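Me: I am new to this one. Please show me the structure, and then let us go through it in short questions.

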Amino acid sequence: MAEARDIGEPLEAGDEAEGQVAVAGRLVARRGQGKTVFADIEDRSGTIQAWATLDRLGEQGLGVLADAHVGDIIGVRGTVVRTRRGEVSVAADAVEMLAKSLRPPPDRHAGLKDPETRYRQRYLDLMASDEVRAQFVIRARAIAGVRRFLDDRGFIEVETPVLQPIYGGAAARPFVTHHNELDRDLYLRIATELYLKRCLVGGLEKVYEIGKDFRNEGVSFKHNPEFTMLETYEAYADYEDVAAMLEEMVAAAAVQATGGTVIPWKGGEIDLTPPWRRVRLTDALEEASGIDVLAHPEAADLRARMRAAGLDAPDTAPWGKLVDGILSQALEPQLVQPTILLDYPLELSPFAKRREDDPRLVERFEAFCGGMEIANAFSELNDPDDQRERFAMLQADREAGDDEAQPSDEDFLTALEHGMPPTGGLGLGLDRLVMLLTDRHSIREVILFPAMRT
């Protein structure tokens, strides 16, 4: 449609362009009767009017258009004209019914209001709303911008297994399936991290993957069991290098998708322009909650302090989960402008290097924006002995009842024993990035077909 309109824009009223065009799309409106029919046809690029007359089409051709209903998909071949009223149109010489709509389309003026219908039958949502279609175009442009940014910096895109014999790389419960031929259970990956690090061991020193991860968890405005993640790993970089790259990459994706780095958010604005605010996690937690977590190194002590501050603190949660609870309850909702929280406690970060000046902390950051986490990054742990000890800590948490703690992965430890260079790693939630870029406040809005209850 856009190409046909471009042909017609220079024309004066009553003029006709040379040559013929063919357009096809969904019939969204029809006017007229008798010897003249006007029809509006829409595709992804826009809408154009088809102008059909008995003189040009004949009775059979005009009858096809006269009998068509809103929602049908039709094709029109003809000449681009500008009508006497100034409307760029296709003067039809041939009309063809391409697909009949047997169900009525949604009302284009009222749109779809019911969220259940919008999410379960997304095709109707796309059909009814230019805005919804536009937000998924923004999603595609943002992901293309991320990919271009990394490709231009020498990263190579790789693919790692979705079905894994041992899941890992995050704290989450997995989905499990059974492979009949191998007669073994396999897991849908919860992260790509451990396989991408194997690539570093093998000499692929700058890699990334954009792909689906799966976590067997509840749904919320920022959680879907199936989601899209970017993970990058760069040899001879640390978390400070990764933080600088993240800022530049998100800004570049915003420009690619929306044209700028200042975006609307909940009636205000978010400025994604680098540099972003940076603050140490423990300092930010104390400022937000009044709790110095490092001064309460025992779970029972920290639990009591949290409850005194009015925060939820489950009886069975280990110390690291309690710290994460303070973050999610007291601090995260305040982080609307882009903020990088640095230097996490060891217990929260089984794959990150310790800080040399304080072994209680690791070289890790999380990036927050719009009141939610969008990215997570480490100076990656490459000491196999230390990593083995971390797995043992996680095993103890599993035995204590933490079903999200990762199991030990001996094959990954074997890979580390072959030597992995110092590495900076990043995970960026692309669904949440798109939420920011489109001013959408539920992850279901930016996933074409989100998980739904039956």
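Me: Which residues are linked with Arg5 in a network of salt bridges?
Reply: Keep in mind that this is a predicted model. A salt bridge here needs a Lys or Arg side-chain nitrogen within 4 Å of an Asp or Glu carboxyl oxygen. Arg5 belongs to a network of such links, and its other members are Glu9, Arg82 and Glu87.

Me: How many salt bridges does the count come to?
Reply: The network of Arg5, Glu9, Arg82 and Glu87 is one part of the picture. Another salt bridge joins the side chains of Arg118 and Asp125, at 3.1 Å from N to O. By the same 4 Å rule, the count comes to 41.

Me: Are Arg118 and Asp125 buried or exposed?
Reply: The cut-off for buried is under 20% relative accessible area. Arg118 has 11%. Asp125 has 3%. Both values fall under the cut-off, so Arg118 and Asp125 count as buried.

Me: How do Arg147 and Glu157 rate, given that they meet in a salt bridge?
Reply: Their side chains meet at 2.9 Å, N to O. The pair links helix 5 to strand 6, ten residues apart. Arg147 has a relative accessible area of 27%, and Glu157 has 38%. Values between 20% and 50% lie between the two cut-offs, so Arg147 and Glu157 are each partly exposed.

Me: How many residues apart are Lys222 and Glu332?
Reply: Lys222 and Glu332 form a salt bridge, with the closest N and O atoms 2.9 Å apart. Lys222 sits in the loop between strand 10 and strand 11, and Glu332 in the loop between helix 10 and strand 15. Both residues are buried. Along the chain, their separation is 110 residues.

Me: How many of the residues of helix 6 are buried?
Reply: Helix 6 runs from residue 193 to 201 and is mostly covered. Its buried residues include Leu194, Tyr195, Cys199 and Leu200. Charged ones are on the list too, among them Glu193, Lys197 and Arg198. The count is eight of nine.

Me: Which helix do the buried residues of helix 6 pack against?
Reply: Several strands serve as partners, including strand 10, strand 11 and strand 18. Strand 7 and strand 19 are also on the list. The helix on it is helix 12, residues 410–417.

Me: Which residue follows helix 6 with a positive phi?
Reply: The value of phi is near 105°. The residue is Gly203.

Me: Which residues touch the most other members of the largest nonpolar core?
Reply: In soluble globular proteins, nonpolar side chains tend to be buried together. Here the largest such core has 45 residues. Its largest share, ten residues, comes from helix 7. The members touching the most others are Leu246, Phe365 and Leu428.

Me: How many residues are in the second core?
Reply: This core is separate from the largest one. Its members include Val158, Cys199, Leu335 and Ala405. Cys199 is also one of the buried residues of helix 6. The second core has 43 residues.

Me: How far apart in space are Gly427 and Glu410?
Reply: Gly427 lies in strand 19 and is buried, at 8% relative accessible area. Its contacts beyond four places in sequence include Met229, Leu230 and Ile374. Glu410 is 17 residues away in sequence. From C-alpha to C-alpha, the distance is 23 Å.

Me: What is the value of omega for the peptide bond from Pro274 to Pro275?
Reply: Most peptide bonds are trans. The bond from Pro274 to Pro275 is cis. Pro275 has its place in the loop between strand 13 and strand 14. Omega is near -5°.

Me: Where do Tyr236 and Lys266 lie?
Reply: Most residues other than glycine have a negative phi. Tyr236 has a positive phi near 65°, and Lys266 one near 50°. Tyr236 is exposed at 59%, and Lys266 is exposed at 56%. Tyr236 lies in the loop between strand 11 and helix 7, and Lys266 in the loop between strand 12 and strand 13.

Me: What percentage of the residues in the protein chain is buried?
Reply: The chain has 13 helices and 19 strands. Its C-alpha trace spans about 85 × 50 × 45 Å. Of its 454 residues, the buried share is 50%.

Conventions:
Residues numbered from 1 in each chain as written. Predicted model: local features only at pLDDT ≥ 70, side-chain atom pairs only at ≥ 80, totals over all residues. Heavy atoms only, no water. Buried < 20%, exposed > 50% of the residue type's maximum accessible area, 1.4 Å probe, protein only. Helix = DSSP H or I, 4+ residues; strand = E, 2+ residues; numbered from the N terminus. Contact = heavy atoms within 4.5 Å. Core = buried A, V, L, I, M, F, W, Y, C linked by side-chain atoms within 4.5 Å.
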